[in-house]
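Visitor: Could you pick a single part of this protein and walk me closely through its surroundings? I work with models all day, so please give me the cut-offs as you go.

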Amino acid sequence: MRQAVDLAHTNRLQGGRPFGAVLAQGDQVIATGVNNIIASHDPSTHAEMEAIRAGTQKRANPSLAGLSIYASGHPCPMCLAALVMNGAEQVFFAFDNNDAQPYGLSSEGTYQRLRLSLTPAPLPITRIDTGITADQLYGSTPWPQD
């Protein structure tokens, strides 16, 4: 989980949006991704989608069966749909939409416009505390030294 948050932080420092994702099978990292919307001008290049693209190409298999995603933020409806549709095992995330909202980075409005509810969740979705605050990732609080 910390790798996903570190990817998000690095992406933010490089001028991208603060989102990172790690696609894994057990303890093995299959692929990573960062939100690439600013550089690519492609609205589908969310961190989870980039990790999915890289991982399925690497494995030469479109199935996500047996794989989990670790995302710095709660997946948006597009990313969650791709994970569900292709059989991902579970989702772990560090920050939810309430954390992201003060920074203009929440996807809650999209869930509402699509009339989607996460209750019950379409697959196991678990929040993991990384010891990093939302303001450290999205705002102005300094990043902790390793």
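**A close look inside and around**

Guide: Happily! Phe 95 has a relative accessibility of 4%, so this residue counts as buried; here buried means under 20% relative accessible area, exposed over 50%, and partly exposed in between, with a 1.4 Å probe and protein chains only. Please keep in mind that this is a predicted model, where local features need pLDDT of at least 70, side-chain atom pairs count only at pLDDT 80 or more, and totals for chains, interfaces and linings use all residues. Residues are numbered from 1 along each chain as its sequence is written, and side-chain values use heavy atoms, with hydrogens and water left out.

Phe 95 sits in strand S4, where strands (E, at least two residues) and helices (H or I, at least four) are DSSP runs numbered from the N terminus. Setting aside residues up to four places away in sequence, Phe 95 touches Val 5, Ser 72, Gly 73, His 74, Arg 127, Ile 132, Thr 133, Ala 134, Leu 137 and Tyr 138; contact means heavy atoms within 4.5 Å. One of those partners, Ile 132, is 37 residues away in sequence, with a C-alpha to C-alpha separation of 9.5 Å from Phe 95.

From this strand we can step to helix H4, residues 77-85, whose buried residues are Pro 77, Cys 79, Leu 80, Ala 82 and Leu 83. Those residues pack against strand S4 (90-95), and also against strand S3 (68-73), strand S5 (125-127), helix H3 (47-59) and helix H6 (108-113). Just after H4 comes Gly 87, with a positive phi of about 80°.

The contact between H3 and H4 rewards a closer look. Two packed helices are described by the angle between their axes and the distance between those axes. For H3 and H4, the angle is about 30° and the axes are 8 Å apart; axes are lines fitted to C-alpha atoms, for helices over the stretch in contact, and angles run from 0 to 180 degrees between N-to-C directions. H3 therefore counts as roughly parallel to H4, since that label covers angles under 35 degrees, while over 145 is roughly antiparallel, 65 to 115 roughly perpendicular, and the rest oblique. On the H3 side, Glu 48, Met 49 and Ile 52 meet Met 78, Cys 79, Ala 82 and Leu 83 of H4. The residues of this contact divide into six nonpolar, no polar and one charged.

Next come the loops that flank H3. His 41 belongs to the loop between helix H2 (37-40) and H3, and its phi is near 60°, a positive value in a residue other than glycine. With 69% relative accessibility, His 41 counts as exposed. In the loop between H3 and S3 we find Ala 60, also a residue other than glycine with a positive phi, here near 50°. At 70% relative accessibility, Ala 60 counts as exposed.

Let me finish with the loop between H6 and S5, where Pro 120 is placed. The peptide bond leading from Thr 119 to Pro 120 is cis, with omega near -5°. Pro 124 is found in the loop between H6 and S5 too, and its 46% relative accessibility makes it partly exposed. Beyond its neighbours within four places in sequence, Pro 124 is in contact with Glu 89, Gln 90 and Val 91. The C-alpha atoms of Pro 124 and Asn 36, by comparison, are separated by 26 Å, with their positions 88 residues apart along the chain.

Methods
Nonpolar A, V, L, I, M, F, W, Y, C, P; charged D, E, K, R; others polar.
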